[in-house]
Amino acid sequence: MARIIMGIESSCDETGVGLVRLHDDGTVELLADEVASSVEQHARFGGVVPEVASRAHLEAMVPTTQRAFATAGLSMSDVDAIAVTAGPGLAGALLVGVSAAKAYATALDVPLYGVNHLAGHIAVDTLQHGPLPTPCLALLVSGGHTQLLRVDDIASSIVELGSTVDDAAGEAYDKVARVLGLPYPGGPPIDKAAQNGDSAAIAFPRGMTGPRDAAFDFSFSGLKTAVARWVEGAARRGEGIPVDDVAASFQEAVVDVLTAKAIRAAKEQGITTMVISGGVAANSRLKELAGERCAAAGIELRVPKPRLCTDNGAMIAALGAHVVAAKRPTAPLDFSANPALPVNVVSL
Ligand code: KG4
Ligand code: ZN
């Protein structure tokens, strides 16, 4: 019999509650995906303020849950299992979601699963594109993470091939946007400005692409500094800043490295399916270049729609459904959120 899984996400600045139906054949259907974001409260600080995010989760949790059930046309008694983000993320923010999930699971007397936020970003793709062929390669790019992952089983087996040694890709977008006087979060305005710019105007460095660098690790801190220096130099000379060209050239440096390393990893691992997810996967040039390079390499590319790429509750419900289908163990009611949960721990 089909089962209803509720997913709760609160690892950063989005309070997400998702509801999915797990069918007997293992397919997962999206029923509701409600998100309340505190992003506007962080905008003037240029980054997420943990304490502000925690408070916002506390205020948004119950109303967001009520909206999700109203959207799905379900009542709480229809829920068969609850999944919640156990980590990685901000400690205080995670705690709000985990506490709510424990309370709901206790009140409803249903099993509880503490699941990995990063695995959720990959699992969400099954809501749009169906079951995930395995092994697959996942490129996870957001404000907090930049990772290349090998997925052998979305419910139990994920291995990290590489990650950023400094800034996350989205973090680089946010910092460069600040330098260019563009609003936070920086990804969308840079994406837009870049469409009117020349990506070959300025040769910005491609981080960690030297012969001695780790093949699948990333670095964006040098690129961010190079952009800042270039802009400072132009300002010192009294020149106007060609924002569109800087945005396009910066963006090209980011997506060139991301896609080149992802393709190389897929080829080396003999993998023919790639999933790109996380907030930066909404980037138009990343999707375009990844599409070209995957096609040339004979790799099937799957990118969830932007709404599913950014943090949400549906991704946690989707992962929860796969974990339930795989008959993985439930979490003990006294489990703790783990801000540094490693990516290979798909569920607690
Ligand atoms: O996944 P997400 O919503 O939250 C985290 O887990 O971090 O990702 C947010 C990040 C921000 O850094 C934002 O600037 C970036 O995703 N982003 C983009 C675009 N849309 C959002 N980066 C590049 N291009 C975009 N179109
Ligand atoms: Zn995320």
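**Figure 1. Helix α10 has the length expected of its residue count.** In this predicted model, the 14 residues of α10 should span 20 Å at 1.5 Å a residue, and the C-alpha atoms at its two ends are indeed 20 Å apart. The expected span is 1.5 Å times one less than the number of residues; helices (H or I, at least four residues) and strands (E, at least two) are DSSP runs, numbered from the N terminus. Residues are numbered from 1 along each chain as its sequence is written, with chains lettered from A and ligands numbered from 1 in the order written. Local features need pLDDT of at least 70, side-chain atom pairs count only at pLDDT 80 or more, and totals for chains, interfaces and linings use all residues, while side-chain values use heavy atoms and leave out hydrogens and water.

**Figure 2. Which residues of α10 are buried?** They are R285, L286, L289, A290 and C294. Looking down the helix axis, you find these buried residues within an arc of 150°, so they line one face of α10; the arc is that of the directions from the axis to the C-beta atoms. Turn to the other side of α10, and A295 and A296 are exposed. Here buried means under 20% relative accessible area, exposed over 50%, and partly exposed in between (1.4 Å probe, protein chains only). The partners of the buried residues are β6, α7 (187-194), α9 (243-269), β9 and β10 (300-302). After the helix comes G298, with a positive phi near 70°.

**Figure 3. N283 sits just ahead of α10, in the loop that leads there from β9.** This loop runs between β9 (273-277) and α10 (284-297). A side-chain oxygen of N283 comes within 3.1 Å of the backbone nitrogen of R285, at the start of α10. The side chain of N283 also makes a polar contact of 2.8 Å with that of Q251. A polar contact is a pair of N or O atoms within 3.5 Å; within protein, one must be able to donate a hydrogen and the other to accept it, and residues adjacent in sequence count only if both atoms are side-chain atoms. N283 is buried, with a relative accessible area of 5%. Setting aside residues up to four places away in sequence, N283 touches Y173, D191, Q251 and V255; contact means heavy atoms within 4.5 Å.

**Figure 4. S142 belongs to a set of residues that UniProt lists under "binding site".** The unreviewed entry names L140, V141, S142, G143, G144, D174, G187, D191 and N283; such annotations, in the numbering used here and with shortened feature names, may be inferred rather than shown by experiment. From this list, the lining of the largest pocket includes S142, G143, G144, D174, G187, D191 and N283. On a 1 Å grid over the protein atoms alone, a pocket is an open set of points with protein on both sides within 12 Å along at least five of seven lines, and lining residues have an atom within 4 Å of a point. You can find S142 in the loop between β6 (136-141) and β7 (146-153). With a relative accessible area of 7%, S142 is buried. Its side chain reaches the backbone nitrogen of G144 at 3.2 Å. Beyond four places in sequence, the contacts of S142 include A168, E171 and V280.

**Figure 5. H117, H121 and D311 cluster in space.** UniProt's unreviewed entry also marks these three as "binding site". They are spread over 195 residues of sequence, yet the largest C-alpha distance is 8.8 Å. The lining of the largest pocket takes in H117, H121 and D311. H117 is in helix α4 (residues 117-123), and H121 is in α4 too. H117 counts as buried at 1% relative accessibility, and H121 is buried at 0%. The side chain of H117 joins that of E9 in a polar contact of 2.9 Å, and the side chain of H121 contacts that of H117 at 3.1 Å. Among the more distant residues in sequence that H117 touches are G87, P88 and D311; for H121 they include L140, S277 and D311.

**Figure 6. Two peptide bonds are worth a look: G87 to P88 and T134 to P135.** The bond joining G87 and P88 is cis, with omega about -10°, and P88 lies in the loop between β4 (81-87) and α3 (91-108). The bond from T134 to P135 is cis, with omega near 0°; P135 is in the loop between α5 (125-129) and β6.

Methods. 1 Å grid on protein atoms, 1.4 Å probe; cavity = no way out; pocket = protein on both sides within 12 Å on 5 of 7 lines; lining within 4 Å.
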